[in-house]
Amino acid sequence: MPTTDSPMRTLDEHRAAALALAAPLPEVVVGLDAALGAVLAQDVRTSERLPRWDNSAMDGYAVRADDVRDATAGAPVTLRVVADLPAGTSGTPTVEPGTAARIMTGAPVPPGADTVVPVEDTDAGTVTVQVRAAKAIGSHVRRAGEDASPGDLVVAAGTLLGPAHVAAVASVGVADVPVHRRPRVAVVSTGDELVPPGTPLAHGQIPDSNSWLLAAAVRDAGGEPVRLGPVGDDPDALRDLLRGLDDDTDVDAVVTSGGVSVGAFDVVKAALRDEPGVDFLPVAVQPGKPQGLGRLPGGTPVFALPGNPVSSFVSFEVFVRPALLRMRGLADVERPTTTAVVDDGWRTPPGRAQVMPVRFVRPYVARDDRGTAGPASLSTAPGTADARPPHVVRATAGGSGSHLVARLAVAEGLAVVPAEIEQVAPGDRVTVLRIAP
Ligand SMILES: Nc1nc2c(c(=O)[nH]1)N[C@H]1C(S)=C(S)[C@@H](COP(=O)(O)OP(=O)(O)OC[C@H]3O[C@@H](n4cnc5c(N)ncnc54)[C@H](O)[C@@H]3O)O[C@H]1N2
Ligand code: MOO
C-alpha cells in the first residue's frame with residue numbers, strides 16, 4: 001500500500017484511479033415526472049409517424065385547393081361547410097368539390113381536403129364560407145411523418161434528460177422510461193472539533209461545514225446524499241460505521257472528509273489502515289494533497305478526502321464528481337472548461353498542479369448608447385459573438401489557502417495550473433473549469 005513517503009501520484013493519475021472505481025448503475029424504470037435529470041439507459045424510438053396524420057397548422061377551413069384557385073378579396077369563392085373539426089375530433093367527413101370543413105389547429109385534415117385556408121382569409125361562416133384568397137396546394141397542412149418516421153431514434157441511450165427530451169418521450173406515447181439509478185452516496189465528516197452548525201461552540205470547536213458541502217455537491221452532481229456525522233476521532237467507531245455502509249446495498253459510494261493526513265489522530269486513515277483495497281497517498285495537487293481511495297471489503301467505493309474545506313471542495317470536484325457522473329450513466333463527465341486570461345497572478349507550488357478558485361471579471365459587458373449595461377442579446381448574428389476570452393482573478397486574496405471556506409463562496413471557476421508552472425503572471429492564459437451555474 002502506498003504511504004505518504006511514496007512518490008506522489010499526479011492529478012490525472014489519481015483522477016483516473018477514482019474514475020476506474022465507477023461504472024454506470026443498473027437501470028430502473030421511472031415515470032416521466034421523475035425523468036428530468038436522469039440519464040436514459042435505452043434508446044427511445046417512435047413506433048409511429050410523427051405527426052401521426054396530416055393536420056391543420058391553422059384555425060380555418062379545410063378545402064380543396066382547386067376550388068379556391070380563383071378566390072380574391074373582391075371575388076370570394078363560396079363553399080358549403082359540411083363539418084366542424086375541433087382538435088381531438090374523430091370525425092372524418094369527406095370534403096367533396098364545392099365544400100369545406102371548419103377546422104381548428106391540430107385537427108386531422110379530412111379526406112378530400114388538401115389545403116387549409118386560415119380564418120383571416122374568410123368571412124368565418126358556419127353554414128357557408130366565403131374564401132377570399134387562393135392557396136397553394138398543401139398550405140397550412142402539417143404532414144404526417146414530417147417530424148419522425150416509424151423506427152426513428154427519438155432520444156438516445158446516455159442522454160441526460162432535459163425538458164425537451166421528456167417532451168419527446170411523452171410525444172411518442174411512452175409514460176415510463178428506463179434510466180440509470182442515481183448514486184446514493186454516504187457523506188461522513190470526521191473530527192472531534194466539529195459540531196453541527198447552530199450549536200454553541202466551546203473553545204476549539206467549529207461548525208461542521210464539510211458534510212453540508214459534500215452532501216450538496218453530491219446532489220449537485222445528480223446523486224442522492226445520505227449525510228452522516230460529524231463523527232469523532234475514534235477509529236473503532238468509524239470502522240463500524242463504514243462497515244455498516246459497505247453492507248448496505250442501497251449505498252453506492254462513501255465520501256469522508258478529514259483524518260487523512262499525518263496527524264496523531266487521523267481517524268479515517270486509522271480506521272482503514274488495514275484495508276487492502278484502500279490506499280492513502282499524496283497526490284501532486286494543491287489543495288488536496290493527502291487522499292485516500294479504494295474499495296471497502298464489500299466493494300463499495302470510498303473517497304477519503306482531506307478535511308480542509310477548500311481541499312474537500314476541490315477534491316470532490318476533480319476526483320469524486322466525475323465518478324458519480326459515470327455512475328449516473330453519463331459518457332461526458334467533465335465540467336465545461338474555458339480558457340481565461342489571468343488579471344492578477346500568483347505563485348504555485350513546485351512540482352504540484354494547482355487548482356485555484358477564481359472568479360470571472362467582465363470587462364466586456366455589453367453597453368447601450370447611454371452607457372448602461374443592458375441585458376445581453378439572445379439573438380446575436382452568426383459570426384458576431386464576442387470572441388474575446390473572459391478574464392479571471394483569484395476568488396480570494398489568500399489564493400488557494402485551503403481553510404478559506406467563507407470566501408470560497410465567491411468562486412465561479414477552478415483554474416487548473418499544470419505542475420511544471422511555478423508562477424502565473426498577469427496576462428497568462430489558464431484553463432478554468434466552470435463550476436457556477
Ligand atoms: N505535518 C503535516 N501536516 C499536514 C500536512 C502534511 O503534509 N504534513 N498536510 C496538510 C494538508 S495539505 C491538509 S489538506 C490537511 C489534511 O488533513 P486531514 O484530512 O487530516 O484533515 P483534518 O486534520 O481532519 O482537518 C484539517 C482542517 O480542516 C478542518 N476541518 C476538518 N473537517 C471539517 C469539517 N467537516 N468542516 C469544517 N472544517 C473541517 C479542521 O478543523 C482542520 O482545520 O492536513 C495538513 N496538515
Ligand atoms: O493539500 Mo492541502 O489540501 O493543500 O490543504
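## Exercises: overall form and nonpolar cores

**Exercise 1.** What is the radius of gyration of the protein chain, set against that of a compact globule of 437 residues?

*Solution.* Start with the reference: a compact globule of 437 residues would come out near 22 Å. Then look at the protein chain in this predicted model, whose value is 31 Å. As a next step, consider the box that the C-alpha atoms fill along the principal axes, which is roughly 95 × 60 × 40 Å.

**Exercise 2.** How many helices and strands does the protein chain have, and what percentage of its residues are buried?

*Solution.* Going through the secondary structure gives 7 helices and 27 strands. Now turn to burial: 39% of the 437 residues are buried. Finally, take the contacts between residues at least 6 apart in sequence; 72% of these join residues at least 24 apart.

**Exercise 3.** Which residues touch the most other members of the largest nonpolar core, and which helix gives this core its largest share?

*Solution.* The core has 67 residues, and Val255 and Phe303 touch the most other members. Helix H6, residues 309-327, supplies the largest share, with 11 residues. Both domain 1 (11-26 + 181-327) and domain 4 (337-434) contribute at least three residues each to this core.

**Exercise 4.** Which residues does phenylalanine 303 touch, leaving out those up to four places away in sequence?

*Solution.* With those neighbours set aside, Phe303 touches Ala18, Ala253, Val255, Leu293, Phe319 and Val320. One more step takes us to another core, lying apart from the largest one. This other core has 20 residues, including Tyr61, Val68, Ala100 and Ala107.

Terms used:
Residues numbered from 1 in each chain as written. Chains lettered and ligands numbered in written order. Predicted model: local features only at pLDDT ≥ 70, side-chain atom pairs only at ≥ 80, totals over all residues. Core = buried A, V, L, I, M, F, W, Y, C linked by C-beta atoms within 7 Å. Buried ≥ 20, exposed ≤ 12 C-beta atoms within 10 Å, placed from the backbone. Helix = DSSP H or I, 4+ residues; strand = E, 2+ residues; numbered from the N terminus. Domains from an automatic or database assignment. Contact = placed C-beta atoms within 7 Å. Rg over C-alpha atoms; globule rule 2.2 N^0.38 Å.
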